[in-house]
Amino acid sequence: MSSYLTACTVGPVQTTDGEFEGKRKTPWERGGGLGDLLERWRADRSIWPNIVLDAAIDAREARYAPVPDALAPSVRSALAQRGISKLYTHQAEAFTLASSGRDVVVATPTASGKSLCFNLPVLDQLARQPHACALYLFPTKALARDQEESLRALMRDAQLPHGAITFDGDTPADARKLARERSGVVLSNPDMLHSGILPHHAGWARLFANLRFVVLDELHTYRGVFGSHLANVLRRLDRVARFHGSAPQFIFASATIGNPREHASRMLGREVALVGESGAPTGERQVLVYNPPVVNPELGIRQSYIKATARLSADLVRAGVPTLVFGQSRNTVEVMLKYLRDHLAEDRIPADTLLAYRGGYLPLMRRNIEARLRAGEIRCVVATNALELGIDIGALDAVVCAGYPGNLAALWQRFGRAGRRQGQSLALMVASSAPLDQYVAGDEGFLLRSPVEQARIDPDNVEILVQHLKCAAFELPFEAGEGFREVSAQTTTETLDFLTEHRVLHPGAAPSGARTWHWAADAYPANHVSLRSVGWDNIVIIEQPADRTLAEMDWRSAHTMLHEQAIYQHDGEQYQVERLDLPNRKAFIRKVAPDYFTDAMKHTRVEVISQASEEARPKVVFGSGEVSIVEKVVGFKKVKFHTHENVGYGEVALPELQMHSTSFWLTVPEEVVEAIAAPRVEVVDAVRALGVAMHSVACVGLMIDPRDLGRTLGSRSVPGAPARTGQPIIDPTIFLYDEIPGGIGLAPRLFEERLELVARARRLVEGCGCEDGCPGCIGLEFGVGIPRQKSRRQLVLTTLGCLGL
């Protein structure tokens with residue numbers, strides 16, 4: 001949620017940090033502009049024939065409402081100092097609903113001024129009640145600190161004595177004490193609330209006793225496991241607040257999703273009022289989809305989307321268009337940054353005006369980039385989804401997405417970062433060769449007419465619920481007849497009895513004689529419950545010989561990006577990993593100047609732990625259940641910059657990574673494989689190729705990010721069991737598994753829709769015009785080097801027919 005201009009103004013546009021936008025000028029604002037560049041692209045035969053979508057979204061006029069009379073005079077005065085004489089209609093509606101005591105969710109597009117929707121009711125309450133407090137929750141530390149600056153400025157203008165302070169893992173000890181004892185507004189994140197505030201609520205008695213509002217920003221990011229955990233954290237927050245004598249209101253802010261009222265109500269356990277119609281103006285937005293040209297018609301291989309993105313982004317920078325480029329991974333971001341700098345070197349554009357922004361950069365570096373973006377000093381930033389959320393990064397006129405991010409909600413959230421002022425803006429997606437990207441590129445109406453995805457959570461998931469009941473019992477003993485917010489007293493009692501039987505809790509009695517349950521261990525359980533289901537430590541990256549901490553990386557990513565001899569890329573520079581010290585969580589790197597980057601090769605093995613569902617048909621078996629997923633990095637490729645040719649390989653010796661999750665599977669029995677009139681190796685490859693198509697249509701059908709759903713080919717059979725031929729039985733099995741530890745419910749949904757899933761995969765393969773399979777249908781990576789008797793694509797269809805599907 002950006003704190004940029006949040007209402008209409010009189011005179012020059014003023015931001016919440018007090019600067020006038022009308023006074024900002026940068027040297028490149030006279031570079032020809034977006035309109036001229038679009039005309040040049042339309043006349044360029046190497047570009048425009050590959051534009052598969054060219055649509056204009058019309059500008060929309062602002063709709064206003066007067067500043068409510070009920071707003072405290074000091075807050076009204078603060079708005080007047082900023083030139084705000086009236087509000088957008090959704091801001092006024094949110095204030096009216098919150099003032100009447102309703103819980104509210106504001107679901108309007110990016111840059112529509114949602115921050116005033118929750119700041120006005122909170123500041124109004126602080127102005128009327130000197131001891132009132134509020135708690136703001138943001139999904140990231142960077143976003144909390146960004147909002148802290150704008151909120152404190154607004155509070156100063158309103159002459160409110162209440163302090164506002166961010167409480168997270170980076171907060172020093174003296175500031176933590178101030179947050180507990182004096183601050184009127186505490187800004188934090190769900191993880192810190194879960195493990196740093198609620199278990200120690202006695203030390204936060206002043207906050208909880210006077211808590212009037214809880215603000216939850218970026219609601220759309222809280223889905224799946226993370227959202228299910230957060231719903232239980234809010235159950236605990238509600239319980240602790242009631243213990244201290246308060247009953248806070250909740251205000252949610254969300255980007256556009258398909259079910260904002262339902263999602264917020266599920267998160268809170270009670271009905272929430274919706275503000276869903278934005279009154280903010282929007283400028284004209286040009287939406288383009290560029291599908292790189294086919295460079296190998298026989299194999300259906302297209303030009304590199306990374307190189308195409310860098311080339312088009314360089315055009316935007318030359319035209320003086322402030323641009324934000326989104327990449328799908330850290331490595332992709334760094335490669336695109338290098339290409340972009342190489343393209344623009346001859347234009348004498350300073351390299352330090354072309355930057356990357358991603359996870360792993362140290363906080364000071366990220367904040368410096370954010371500040372320079374707001375000041376208009378950066379011409380282009382290449383980022384991962386770390387900039388998808390509403391950190392205030394100033395005004396941008398173009399967003400380029402290198403690849404489809406997996407769902408429409410994320411795509412439009414990214415597109416919304418451009419056009420944050422009135423005037424023309426550009427939203428450009430460059431499609432990769434991945435099947436999902438080709439599906440989007442092939443349906444010109446998909447981006448504009450398809451409904452935005454819904455956010456789903458399951459707070460009553462047994463494993464998650466039990467974990468948070470343990471945390472809640474540590475915070476306050478349970479009494480007989482007490483529920484857990486909307487969880488019934490009967491269900492709560494049964495769960496507490498289960499924990500008592502396992503000696504996690506011990507029974508007791510209240511002074512009234514009522515039965516109670518108390519925490520039985522010494523350590524508090526929140527330390528062992530990860531809201532994001534990631535329990536691995538970070539790896540610190542140390543540059544040699546300076547012995548300087550350069551960055552950090554999560555444990556799982558370190559195996560693919562920080563193995564020895566890997567080329568680690570940081571801010572467009574290359575470093576070679578000399579040593580990875582896993583026991584001490586350190587990686588030692590040295591700056592080099594190679595003409596290649598590295599790409600790790602990973603092997604995945606899935607083993608079924610328990611089966612939840614099964615359907616055995618005559619020639620195929622469907623199933624779902626809990627699985628163990630073992631990943632191992634087995635080597636790496638050296639990929640030359642610009643040409644992307646493989647110039648070598650290397651070995652990697654790292655331990656396996658194991659994760660428990662849930663999976664859907666399709667098993668082809670060995671006897672069926674033998675019965676198909678084709679060599680066994682080709683049939684197995686056809687099953688593997690079918691898995692590629694099923695993965696693609698599953699991601700579209702479930703409306704999820706493809707990275708949330710893993711895919712591999714394994715065997716459902718018990719290793720070592722002899723077949724009639726004397727050879728081991730290996731029943732080829734397609735596994736589509738949750739990439740999130742513990743699962744987020746994708747596997748059961750795939751099992752329920754199994755026949756439609758296979759039917760959609762068949763239609764995808766049948767409808768493709770390729771001869772032997774291509775990246776748009778069944779992929780290429782599995783068939784290389786196999787001498788064939790028939791087309792891979794035809795063999796996939798033959799296999800489906802033999803399976804009765």
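1. Two strands count as paired if DSSP finds at least two bridges between them. In this predicted model, strand S20 meets that criterion with strand S21 (residues 515–519): five bridges join the two, and they run antiparallel. Within this pairing, alanine 509 stands opposite arginine 515 in S21. The wider arrangement is an open sheet of three strands in the order S19-S21-S20, with antiparallel pairing. Its edges are strand S19 (478–479) and strand S20 (505–509), each of which pairs on one side only.

2. A hairpin is formed by S22 and S23, with three residues between the two strands. Strand S22 (residues 538–544) and strand S23 (residues 548–554) are antiparallel and share six bridges. Glutamate 543 has arginine 548 in S23 as its bridge partner. In the turn, aspartate 547 adopts a positive phi of about 55°.

3. The structure contains 41 salt bridges. One of them joins aspartate 554 to arginine 330, with the closest N and O atoms 3.5 Å apart. Because aspartate 554 belongs to strand S23 and arginine 330 to helix H12 (residues 330–344), the pair ties together parts that are 224 residues apart in sequence. Aspartate 554 is partly exposed, its relative accessible area being 23%.

4. Glutamate 573 and lysine 591 form another salt bridge, in which the closest N and O atoms are 3.6 Å apart. Glutamate 573 is located in strand S25 (residues 573–581) and lysine 591 in strand S26 (residues 586–592), so this pair ties together parts that are 18 residues apart in sequence. Each partner is partly exposed: glutamate 573 has a relative accessible area of 31%, and lysine 591 has a relative accessibility of 46%.

5. A salt bridge also links the side chains of lysine 602 and glutamate 631, at 3.9 Å from N to O. Here strand S27 (residues 596–616) supplies lysine 602 and strand S28 (residues 621–640) supplies glutamate 631, so parts that are 29 residues apart in sequence are tied together. The partners of this bridge deserve separate description. Lysine 602 is partly exposed, with a relative accessible area of 45%, whereas glutamate 631 is buried at 6% relative accessibility.

6. Salt bridges also occur as a network, which links Arg235, Arg266, Asp458, Asp460, Arg485 and Glu486.

7. The model holds 14 aromatic pairs. Among them is a tilted pair of phenylalanine 597 and phenylalanine 641, at 5.4 Å centre to centre and with 40° between the planes. The pair links distant parts of the chain, 44 residues apart: phenylalanine 597 is in strand S27, and phenylalanine 641 is in the loop between S28 and strand S29 (646–651). Both phenylalanine 597 and phenylalanine 641 are buried. Elsewhere, Phe118, Tyr136 and Phe138 make up one aromatic cluster.

8. Arginine side chains are also found over aromatic rings. Arginine 239 lies over the face of phenylalanine 478, at 3.7 Å from the ring centre. Arginine 176 lies over the face of phenylalanine 167, at 5.1 Å from the ring centre.

9. Phenylalanine 167 appears again in the surroundings of serine 188: its backbone oxygen lies 2.7 Å from a polar atom of the serine 188 side chain. Serine 188 is part of strand S7 (residues 183–188) and is buried, with a relative accessible area of 1%. Neighbours within four places in sequence aside, serine 188 contacts Tyr136, Leu137, Phe138, Ala144, Phe167, Leu193 and Ile197. Tyr136 and Phe138 are also members of the aromatic cluster noted above.

10. Arginine 358 is situated in the loop between strand S15 (354–357) and helix H13 (363–374). Its relative accessible area is 0%, and arginine 358 is therefore buried. The side chain of arginine 358 makes a polar contact of 2.9 Å with the side chain of glutamate 334, and it reaches the backbone oxygen of glutamine 569, also at 2.9 Å. With neighbours within four places in sequence left aside, the contacts of arginine 358 are Arg330, Glu334, Arg366, Thr384, Ala386, Tyr568, Gln569 and His570. Of these, Arg330 is the residue that forms the salt bridge with aspartate 554.

Definitions and conventions. Residues numbered from 1 in each chain as written. Predicted model: local features only at pLDDT ≥ 70, side-chain atom pairs only at ≥ 80, totals over all residues. Heavy atoms only, no water. Helix = DSSP H or I, 4+ residues; strand = E, 2+ residues; numbered from the N terminus. Salt bridge = Lys/Arg side-chain N within 4 Å of Asp/Glu carboxyl O. Buried < 20%, exposed > 50% of the residue type's maximum accessible area, 1.4 Å probe, protein only. Phe/Tyr/Trp six-rings, centres within 6.5 Å; stacked < 30°, edge-to-face > 60°. Lys NZ or Arg CZ within 6 Å of the ring centre and 35° of its normal. Polar contact = N/O pair within 3.5 Å; in protein donor to acceptor, adjacent residues only side chain to side chain. Contact = heavy atoms within 4.5 Å.
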